[in-house]
Amino acid sequence: QDSIFMWILKLFCGCCFSKSSYWKFRRAPEPSDVNWENLGISPASRALRIGLNSVFTLSLLFCSFLLISNAKNEQEAAALKYPPVDCAGYTVVPVYNETFAAINVNDTSLLYPLDVQKDIYWEFYEQTLGNTGKLECFCKGLLVDREYGLSGMMDYLLYNPQSGEEERTCESWFATFTSIQMLKYGAVGSVIIVNVLLKQILKMTIKIEAPSDQTTMVSSLTFKIFLASFINTALLTLLINGNIQYLYGEDEKDEAFKFAGLLGGTYHDLGVEWYRSIGVPIILTMIINAVTFPLISVVQWGILRFKQCRDRGYSCSFNGQTRQVTQEALEDLFTGPEFLMYQKLSQLLNSIFVCIMFSSGMPIMIPILFFTVWSYLITDRVMLLRVNSLPPLLDAKLQQMVTRLLPYAVMLH
């Protein structure tokens, strides 16, 4: 039973004995997980730092948006000048022969130079239809012809009725066609390069946030790198090349989207042309991601083993012989690079989200995702156990964050 003194305290100071005032205990973090130099930063200052870092990340993504949007505009301008066409039904006849033309007068599959001229300068010839891509079929026919080849195709002259002179039209087409292909497949390399740059820049700027512990820093860095990579790889490409008019028709909102460079592209749905122009680069990007990072781990392992072998005088067995002078230098030689959790998890999350997002329209994404996860599992297990040094001791916040993110990938599917 409570004493009279305790009864009086509860009567006049009952809040001191409420359940909410009980002390709460939690396990202390590992000393190696604490960033001791950041403990003196106030919550308001840390929130301001996080906001500034987020604005800087958005600025980097805006630069990536400008790069992708400019590449898309260049592709569209080139496609308008020389539209793509299926050339399977044409047979190129480089030299006009009246006898041959009279015999095959009803054969519409034969493509003569005059047909190409009328298709290019259809307004001059007062035709209702033109610029249907016959120039591309004609130039490709010359390119595969043994008599002409690349040099003959480039030097082939077509008459320009507007100027009255003969011009190297195929040379102009070939330059534009090459630039289109470079833009299409260069987009794959640009996305990967931008992702790598974002990763390195975010790694340097994460220190601005001054997190109180290593787990918070690694979690924040993992999420920012994943989000930036996913937006740059999938969302920007989808929003820039998509067209919203198919769903809602034209109105003032559409013009605002077009002015911002979003949803004003040429593709209303995932059709054949979308797969050729957008789908193939995305597939190539994910295949490169699945192969590149495990390959980098293998190269790191090879470099480390080569340094150790060179230190032993290129001997395959360690017999105590070394060129190192101090014990610290010898330990550094046999200590591999740090196992970077944020790099592995962010890249894996990006692959999961991108592959699941596009798997409904491109089923090949599922095998690519399986190969990606399998290759990461094998290489990371070997590197962690045999090569890399142990990562810092972290608590369960990082794994919990990743687990909470995965259900959103299913929603994107």
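Which helix holds both tryptophan 173 and phenylalanine 177, and how many residues apart are they? I looked this up first: both lie in helix α7 (residues 169–205), four residues apart, about one turn of the helix. Helices here are DSSP runs of H or I with at least four residues, strands are E runs of at least two, and both are numbered from the N terminus.

Note to self on the source: this is a predicted model, where local features need pLDDT of at least 70 and side-chain atom pairs count only at pLDDT 80 or more, while totals for chains, interfaces and linings use all residues. Residues are numbered from 1 along each chain as its sequence is written, and side-chain values use heavy atoms, with hydrogens and water left out.

**Overview.** I noted 15 helices and four strands in the protein. Of its 413 residues, 37% count as buried (under 20% relative accessible area; exposed is over 50%, partly exposed in between, with a 1.4 Å probe and protein chains only). I also looked at contacts, meaning heavy atoms within 4.5 Å. Among those between residues at least 6 apart in sequence, 69% join residues at least 24 apart.

**Rings.** I found eleven aromatic pairs in the structure. Tryptophan 173 and phenylalanine 177 make a stacked one, at 5.1 Å centre to centre and 20° between the planes. My cut-offs: rings of Phe, Tyr and Trp (its six-membered ring) pair if their centres lie within 6.5 Å, and planes under 30 degrees apart are stacked, over 60 edge-to-face, the rest tilted. Tryptophan 173 counts as buried because its relative accessibility is 2%. Phenylalanine 177 is at 26%, so it counts as partly exposed.

Next I checked phenylalanine 230 and phenylalanine 353, which form an edge-to-face pair at 5.7 Å centre to centre, with 70° between the planes. This pair links distant parts of the chain: phenylalanine 230 sits in helix α8 (residues 214–241) and phenylalanine 353 in helix α13 (residues 341–358), 123 residues apart. Both phenylalanines, 230 and 353, are buried. I also wrote down a cluster in which ring pairs link Phe138, Tyr148 and Tyr156.

**α8 on α13.** How do these two helices run relative to each other? Their axes come within 8 Å and cross at roughly 30°, and α8 and α13 are therefore roughly parallel. Axes are lines fitted to C-alpha atoms, for helices over the stretch in contact, with angles from 0 to 180 degrees between N-to-C directions. Under 35 degrees is roughly parallel, over 145 roughly antiparallel, 65 to 115 roughly perpendicular, and the rest oblique. α8 passes α13 in a right-handed crossing (the near helix is turned clockwise from the far one by less than a right angle; anticlockwise would be left-handed). The contact includes Phe230 in α8 and Phe353 in α13. Its residues divide into 16 nonpolar, five polar and no charged. Nonpolar means Ala, Val, Leu, Ile, Met, Phe, Trp, Tyr, Cys and Pro; charged means Asp, Glu, Lys and Arg; the others, Gly among them, are polar.

**α11 on α13.** Helix α11 (residues 272–311) and α13 have axes that come within 11 Å and cross at roughly 155°. The two are therefore roughly antiparallel, and α11 passes α13 in a left-handed crossing. Among the contact residues I listed Trp274 and Phe293 of α11, and Lys344 and Phe358 of α13. The split is seven nonpolar, six polar and one charged.

**Lysine 81.** I placed lysine 81 in helix α2 (residues 43–81). At 46% relative accessibility, lysine 81 counts as partly exposed. Lysine 81 touches Asn131 and Ser172, leaving out residues up to four places away in sequence. The C-alpha atoms of lysine 81 and asparagine 131 are separated by 8.0 Å, with their positions 50 residues apart along the chain.
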